[in-house]
Every structure is written in C-alpha cells, then in structure tokens.
Amino acid sequence: MRMHLSVLALGPFLFGTLFCLRAAPAEAPTAPTAVATPVAPSAAVDPARLVKASGVIKPQVGAEVRVGSQLSGVVRRLHVQVGDTVAAGQRLAELDDRELLALHAKAVADHRLALAELHYAAANLERQRAIAAARAISAGDLDMAERAHAVAGQQVAAAQAAVDYAQIQLDRAIITAPIGGVVASVATQEGETVSASFSAPTFVTLIDLRRLEVWAYVDETDIGRIEPGQHATFTVDTYGAEEFSGAVTAIYPKAEIRDNVVNYIVVLRFEPRAGRTLRPEMTAIVRIAPSPTSGDTLASRPDRTPVSP
C-alpha cells in the first residue's frame, strides 16, 4: 500500500520531466573539427628529373645599344660617364655645331629670298593678266609671266627643303639616348675629332638592365625534354642560393660545340626583382622542369656510348 502511494506521489514529477525533455529542441550534432593538411604542389618535380645546365645572362634584343654620331666633327661636350643611369631622350654628347649653324642661317636666308621672288612673280603675273585682258601684250609675254611664277613657287619649296635638311643636320650634332638604361662604356672624350665617313663612330654603349635574359647551354641529351613555356629557376653567384624564376621562351636551332660537347642555347625570360640587380655576362646555374608530356625518365635517356661499327 505504501509502495502504491509512493508511485502516485512521484507520478506528477516524472510526467513533468518527460514533458520537458520532449519539448526541448534536439541539439545538432557537433561537426568534426577541420584539420589543415599540407598538400604538395601539383607543379612539384622530382629533383632528379630537373634539367640542369650552366648559363650566362645576356641583354635581350634591343636592350644593348651602341650610340654613335652620323656627323663628323669635334666632341664639344660629353655629359655622361660609365655607370650613369640615363633616360630615353637624355642628352649624351654634343658636337661643335658652329659650321652647322652657319649653314642653317644661309638656308633660312635663301628661303626668304625665294619667298620675295615668289611675291614679285605673283604680282607681275597679275599685271600681265590685266594687260592681256585689254589685248595690249602678246600671249607669249603672258606665258613667260606664268612660267616665272611657277618657277618661283618651286624655288620656295626647294629652299624650304634646304632649311629642313640644315635643321636635321643641326639636330644631329646633339647625341641623345635612344633607350633608358645604364652607360656601359664610353668610347670618346671631349675634344676628340670623330669621323663618320664610312661608319658611325660609337660614343657610348647603353644597356637596359630591366630587359635581360638567360642563355642556358643545355646538353644534347636533355634538349628533347625542353619546350617553350616550361618553368625554370636559376641562381647567380652574387646572391648565393637565392633563386630567380623564369620561363623558357626560345630554343636556338644552331648548336654550340665546346670541347666536343654539343649544347643548344635555351633562352629564359624573367621579371626583374626589386632590390636585386643582375648584369650581363653573370654566370647562372639553371634548372628547368621538364614537360609532363615529355615522358622522360632517367632510365629512358639514350646511351651516349659510341657504338663500334
């Protein structure tokens, strides 16, 4: 009897507890914590498959310019020295231009004289036409006036051409930089006489250090694994183990034979890195990642041992 009463007393409590549990929302299952797992880059290449070659840094086509003079004369001023940085259009040197100035002044005077002759011929032609209208002169006289006017017009054109030519020659007395870059060498001095009778004398050599490339000398056993567009890295002695990145842009078809070893020049282009200055003729150690489609393995390399006949 007591047990029945206890159960009846606990009934409301149990009913309330079950009601609360059923009314409470079910908790969402806890999501597993994501763990970052390092993934190997897809471009990773077995170091044993890299094509290794020695190379040298060269200026690109158009990045090295020998600046000369088209005129003969005495060097009056030389504005640059080796190592100077110049911008395109900057003045490099000047020739003595006194004779050129005199020729230019003469051409201008001849042009003014031709203009005066043209004005006279035009006025005379108007008079002759008025007289011819009154039938006071012959047709031959009118033709001569028209001819004189036409000749005077052509003389003005010739005089203007002479002025233009004299100005061009005067401008050539000032040698300017065709590209921006660094002065690599200076081949003349102030006061020297230069002669341009057969070829243009070189004043200075400019190199644009922003436009360099690497010539990698790849062995003939590896050249079949190289294609344009492949990624490459290289190091230079001055920066130790620091690597510079580039890409293959060309493969020269003509071989370079050194000590009976056949090499082919593979050209790498790269972007200049801030704070790092590379210079022409620096030695480079190049590593080129072979193409995945080359099907290359170390075991598949041809045997270079000569076959006996």
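**Exercise 1. Determine which strand joins E11 through 4 bridges, and in which sense the two run.**

Solution. In this predicted model, strand E11 spans residues 231–236. Its partner over 4 bridges is strand E12, residues 244–258, and the two run antiparallel. One position illustrates the pairing: Ala232 has Gly246 of E12 as its bridge partner.

**Exercise 2. Identify the strand that pairs with E11 over 5 bridges, and name the bridge partner of Thr233.**

Solution. The strand is E14, residues 283–288, and its pairing with E11 is antiparallel. Within E14, Arg287 is the bridge partner of Thr233. E11 thus has bridges to E12 and to E14. As to covering, 5 of the 6 residues of E11 are buried, where buried denotes under 20% relative accessible area.

**Exercise 3. State which residues of the largest nonpolar core touch the most other members, and which elements give two or more residues to this core.**

Solution. The core holds 22 residues, and those touching the most other members are Val218, Phe234, Val266, Leu278 and Ile288. Two or more residues come from each of the strands E1 (51–59), E10 (212–219), E11, E12, E13 (261–269) and E14. E10 provides the largest share, 4 residues.

**Exercise 4. List the contacts of Val218, leaving aside its neighbours within four places in sequence.**

Solution. Val218 is in contact with Val51, Ala53, Ile223, Ile226, Val262, Asn263, Tyr264, Val266 and Ile288. Of these, Val266 and Ile288 are also named among the core residues that touch the most other members. Another core, of 20 residues, lies apart from the largest one and includes Leu71, Val80, Phe203 and Val204.

Terms used: Residues are numbered from 1 along each chain as its sequence is written. This is a predicted model: local features need pLDDT of at least 70, side-chain atom pairs count only at pLDDT 80 or more; totals for chains, interfaces and linings use all residues. Side-chain values use heavy atoms; hydrogens and water are left out. Buried means under 20% relative accessible area, exposed over 50%, partly exposed in between (1.4 Å probe, protein chains only). Two strands pair if DSSP finds at least two bridges between them. A nonpolar core is a set of buried Ala, Val, Leu, Ile, Met, Phe, Trp, Tyr and Cys residues joined through side-chain atoms within 4.5 Å. Contact means heavy atoms within 4.5 Å.
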